[in-house]
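Subject: Structure handover

Hello,

The structure we discussed is below. My notes on it follow.

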Amino acid sequence: MHSATVQFVAPAEPVDRSRRPRATRLALLNFADDFALGTRSIAAHVRGFGYRCDLVFVKRLAHNSPEYSLNEANYAAVIDLLRTLEPQVIGLSVATRVLPYALEASRRIRAAFPGARLLWGGWHATMSPDSVFRDADVDAVAVGEAEETVLEVLDRTERGLPLAGIPGLHTRAGDPVPQRPLVQDLDTIPWFRYD
């Protein structure tokens, strides 16, 4: 039996935790998951610090249904909606069962929004971050709980800083990524957003 070492590295600059309104906007896309607890939790958390965060559900599907597909009209609707929202950061929550659709959506999002930071998170990204970089043109992959990780991404985006070195965030640079500690006091996370 072996033990893993968990390393925490403090951010190079402290995150601005004021509650003032922010210019940086986030759009979180969720594929087929009505519950979407991770994306709803991230949205509630970053909104509490003044960031605008829009939740985009890319086609509703009954929970755990094996049937899922997207067509040309679905992809076009996502791009049109994102143009209306004008996010600087776009995050996709991806489970392996919707991987082909998330890859195609990412390709189209990157083409339509070359200046936006494109992130992946969710089950697939957490289990296989290296494969995401191999298969998709993304800026970073969030691994595990991402409320604080995304908050730091937004803060750095607003200040024009690089993403390297954020705990829990893999970047194309391939530098070692410190694991972000799990949230110990769940009462510090706001209730999920359902609006």
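How many bridges join strand S4 to strand S5 (residues 140-142)? Two bridges join them, and the two strands run parallel. One pairing to look at is Leu119, whose bridge partner in S5 is Ala140. Please keep in mind that this is a predicted model.

S4 (residues 117-121) also pairs with S3 (89-93). Five bridges link these two strands, again in parallel. Here the bridge partner of Ile90 is Leu118 of S4. S3, helix H3 (residues 99-112) and S4 together form a β-α-β unit, and the unit is right-handed.

As for burial, five of the five residues of S4 are buried. In a regular strand, side chains alternate between the two faces of the sheet. In S4 both faces are covered: Arg117, Leu119 and Gly121 are buried on one side, Leu118 and Trp120 on the other.

Helix H1 (residues 37-47) is largely enclosed by the rest of the structure, because eight of its eleven residues are buried. Among them are Arg40 and His45, along with Ile42 and Val46. The cover over the buried residues of H1 includes strand S1 (25-30), strand S2 (52-57), S3 and helix H6 (147-159).

One backbone item remains. Glu86 has a phi near 55°, which is positive although the residue is not glycine. Glu86 lies in the loop between helix H2 (72-85) and S3. With a relative accessible area of 52%, Glu86 counts as exposed, since the cut-off is over 50%.

Regards

Note on methods
Residues numbered from 1 in each chain as written. Predicted model: local features only at pLDDT ≥ 70, side-chain atom pairs only at ≥ 80, totals over all residues. Heavy atoms only, no water. Helix = DSSP H or I, 4+ residues; strand = E, 2+ residues; numbered from the N terminus. Buried < 20%, exposed > 50% of the residue type's maximum accessible area, 1.4 Å probe, protein only. Contact = heavy atoms within 4.5 Å. Pairing = 2+ DSSP bridges. Right-handed = clockwise from strand over helix to strand, strands pointing away.
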